[in-house]
Amino acid sequence: MASIVKSFRASPYFDLNLNKKRHSRSRIQCLTSGDSAAALSFESVKVNGIVNGVSSSVVKEKEEADRLSIEVGHGHRGSNVEEKKREKVSEEEKLEPLWDDGYGTQSVKDYLDLAKEIIKPDGGPPRWFTPISCGPPLKDSPILLFLPGMDGLGLGLVLHHKSLGKVFQVRCMHIPVQDRTPFEALVEWVEETLRFEHSSAPNRPIYLVGDSLGGCLALAVAARNPNIDLVVILANPATAFGRSQLQPLLPLLEALPDELHNTVPYLLSCVMGDPVKMATANIDSMLPPTGYFEQLSGNLTGLLPRLSVLSDVIPKETLLWKLKLLKSAAAYANSRLHAIKAEVLVLASGKDNMLPSKDEAWRLLRSLRNCKIRYFKDNGHTILLEDGVNLLTIIKATCTYRRKRNHDFVADFLPPSKSEFKQAQLGNGWLRNYAGPVMWSTREDGKIVRGLSGVPNEGPVLLVGYHMLMGLELVPLVEQFLQEKKILVRGIAHPTLFSQLVESENKEFSFFDTVRLYGALPVSPSNLFKLFTTKSHVLLYPGGAREALHRKGEKYKLFWPDQPEFVRMAARFGATIVPFGVVGEDDVAELVLDYDDLLRIPILGDNIRRDNERYKDLNVRAGMSGEVANQALYLPGLLPKIPGRIYYLFGKPIQTNGRREMLKDRSNTKELYLHIKSEVENSMAYLMKKRKEDPYRSIVDRTIYRVLHAPMDQVPSFDHE
């Protein structure tokens with residue numbers, strides 16, 4: 001593969017803040033085969049007596065590919081021009097569904113290759129750099145400051161540079177190997193950057209991502225700046241260093257002969273991370289087993305010789321200094337937890353052999369005012385360098401991404417990327433195979449066709465339909481729109497899904513995280529207004545939780561309110577309304593224990609009553625009468641069946657454009673509302689009749705057809721004529 005020359009862009013922070021101070025700029029270009037390395041940029045400046053940057057480096061001529069060249073320059077003219085170009089590009093850019101986030105294209109091998117070059121001594125103190133692989137961010141993207149772990153390199157986000165760089169202005173902190181800046185001085189240095197960025201954009205949050213040691217640094221800075229809007233993300237923070245499993249071994253490191261120190265980094269690499277998870281970070285999980293293990297073997301083989309660089313990253317004197325730094329950092333941060341007002345998200349590993357990260361996450365949850373946890377039971381200490389942890393995905397799924405002080409479910413939403421969609425398809429493959437969903441739509445001329453061609457591509461579009469038991473229809477519907485039309489359907493959901501009440505006890509990444517990741521947002525007039533304003537495709541279930549959690553004998557029964565809640569809003573924006581029906585829940589599972597049954601079970605019934613008492617403030621039907629007001633939440637008892645098939649029919653689009661004045665009349669609004677409701681019922685009646693004619697309704701017949709003929713999404717169904 002031809003070599004690729006990469007240049008860097010200078011940090012805007014220094015362009016704005018340091019134009020009157022002496023500085024030097026080191027420009028780093030990476031010449032590499034393929035995309036294995038990221039270019040870095042450094043700035044230097046003296047701030048409060050601490051030099052932030054790097055002295056001029058010796059210019060090295062490029063002699064061969066895969067070697068790093070350093071060019072020394074002064075001033076900011078070139079970087080200012082480049083920044084303006086990038087700002088122009090970012091204004092024109094907009095993330096579309098299934099955008100390429102680059103996750104999985106880099107691995108720990110890239111970390112080690114870059115480490116080999118970045119550790120070359122230059123006599124300089126800590127500094128910030130921006131990897132060129134981050135690219136230009138979208139307009140108004142918040143600042144993200146990455147605070148590194150014990151290595152100090154600032155390369156711990158190498159797997160995430162491309163994805164984070166799209167939606168953040170990324171700055172990575174680099175602490176040279178020979179630097180001995182004490183912890184409090186590091187805190188003050190980061191604080192200077194933080195306060196400048198805040199003064200430049202006081203209404204925009206600043207993100208601090210702290211890895212291990214960097215977690216202590218992030219908490220310390222947050223404690224000292226309670227009035228700055230911060231979002232703190234901690235990856236296995238070293239605040240638990242005093243309870244580290246390695247404490248008994250630390251005295252031995254000091255007594256270890258110098259000639260044996262070269263073995264320490266190898267031992268630490270096994271303690272700090274899972275080598276297999278590191279090696280699989282850039283392997284396509286959808287590869288066949290032979291190809292997957294062949295690539296895994298190659299990655300592990302290529303990883304081993306690179307580990308020797310760790311002895312240069314953490315030589316003996318540096319290791320002993322970093323251990324002292326960890327001790328003081330943990331004590332400093334722990335003594336100030338009470339002062340932290342920032343929003344905090346903790347990522348904790350279950351196989352961290354260096355720190356008791358799981359227990360520490362729970363301690364921080366109890367100690368901090370605004371804290372969330374996500375627990376990854378199969379990952380090690382270096383969680384950000386391991387497979388299965390996409391940092392941007394976690395930020396999005398926990399509703400932690402925002403551009404202003406308060407999270408906006410529409411303005412701050414980032415659509416799912418290709419890698420996220422691929423991961424979701426992998427996780428939901430069982431449902432496609434089990435239920436074999438098939439979708440039909442109705443064109444303007446009334447003709448029913450296979451697929452979604454009858455649903456308009458241009459928004460705003462409001463999909464209104466029946467909410468199947470437990471929402472079984474949701475995942476295939478959203479997946480099909482993304483796969484066939486590259487349109488993300490934004491679902492209007494019960495507010496409980498966005499509260500702490502649905503957090504899993506073990507705090508692992510859950511189905512509710514996935515629902516939020518794919519654009520669900522709490523039901524409210526303002527959110528519907530914003531979605532129509534942005535010409536979105538919106539999914540609305542007027543029957544809500546009462547329909548999805550119906551009782552025995554109520555399948556395919558609509559529980560819609562009497563008021564035409566959505567019609568007038570749709571008409572105001574000229575939205576196209578598409579009624580749809582879905583059937584198949586009775587072919588997939590049998591409802592054996594409904595709400596009434598569960599209430600009669602001792603202890604369990606009391607728990608359900610207690611939980612619903614906690615949910616009552618989130619009841620969106622409060623004040624209404626009839627069954628629609630009965631929004632009790634519970635988990636029904638289901639008995640799986642030998643599955644049939646789930647069928648969807650999207651009806652003929654109903655145009656409201658130009659009917660706004662007419663629909664101001666209550667009787668006209670009511671008439672259209674009842675027409676939409678009857679279209680949903682007619683669609684379900686049609687599907688229940690036609691599914692009897694489907695020769696592939698049974699999973700057995702579909703499986704045989706797949707083996708002999710085609711993939712699941714091409715399995716035939718009934719004749720719609």
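**Figure 1. Lining of the second largest cavity in the predicted model.** Helix H18 gives the most to the lining of the second largest cavity, contributing three residues. The space enclosed amounts to about 50 Å³. Its walls are formed by Arg374, Ser499, Val502, Glu503, Ser504, Glu508, Ser510, Phe512, Asp513 and Arg516. By class, five of the lining residues are charged, three are polar and two are nonpolar.

**Figure 2. Lining of the largest cavity.** The structure contains three cavities of 30 Å³ or more, and the largest cavity holds about 140 Å³ of space. It is lined by 14 residues, among which Lys396, His407, Asp412, Phe413 and Arg516 lie nearest its centre. Two elements, helix H14 (391-397) and helix H18 (511-517), each give two or more residues to this lining. The lining of the largest cavity comprises eight nonpolar, two polar and four charged residues. Arg516 also appears in the lining of the second largest cavity.

**Figure 3. The second largest pocket.** About 930 Å³ of space lies in the second largest pocket. Its lining is made up of 30 residues, with Lys94, Leu95, Phe413, Pro415 and Thr534 lying nearest the centre. The elements that give two or more residues to the lining are helix H2 (77-92) and helix H19 (525-533). Of the lining residues of this pocket, 13 are charged, 10 are nonpolar and seven are polar. Phe413, named here among the residues nearest the pocket centre, is likewise among those nearest the centre of the largest cavity.

**Figure 4. Helix H6 and its surroundings.** Helix H6 covers residues 213-224, and its 12 residues should span 16 Å at 1.5 Å a residue; the end C-alpha atoms are 17 Å apart, in agreement with that value. Because 11 of its 12 residues are buried, H6 is largely enclosed by the rest of the structure. The buried residues are Leu213, Gly214, Gly215, Cys216, Leu217, Ala218, Leu219, Ala220, Val221, Ala222 and Ala223. The cover over them includes strands S8 (143-147), S9 (169-174), S10 (206-211) and S11 (230-235), together with helices H5 (183-200) and H12.

**Figure 5. Helix H12, one of the elements covering H6.** Helix H12 runs through residues 316-334, and at 1.5 Å a residue its 19 residues should span 27 Å, which agrees with the 27 Å between its end C-alpha atoms. The buried residues of H12 are Lys316, Thr318, Leu319, Lys322, Leu323, Leu325, Leu326, Ala329, Ala330, Tyr332 and Ala333. An α-helix has 3.6 residues a turn, so residues three or four places apart point the same way.

Notes:
Residues numbered from 1 in each chain as written. Predicted model: local features only at pLDDT ≥ 70, side-chain atom pairs only at ≥ 80, totals over all residues. Heavy atoms only, no water. Helix = DSSP H or I, 4+ residues; strand = E, 2+ residues; numbered from the N terminus. Expected span 1.5 Å × (residues − 1). Buried < 20%, exposed > 50% of the residue type's maximum accessible area, 1.4 Å probe, protein only. 1 Å grid on protein atoms, 1.4 Å probe; cavity = no way out; pocket = protein on both sides within 12 Å on 5 of 7 lines; lining within 4 Å. Points joined across faces, edges and corners; volume = space filled by probe spheres on them. Nonpolar A, V, L, I, M, F, W, Y, C, P; charged D, E, K, R; others polar. Contact = heavy atoms within 4.5 Å.
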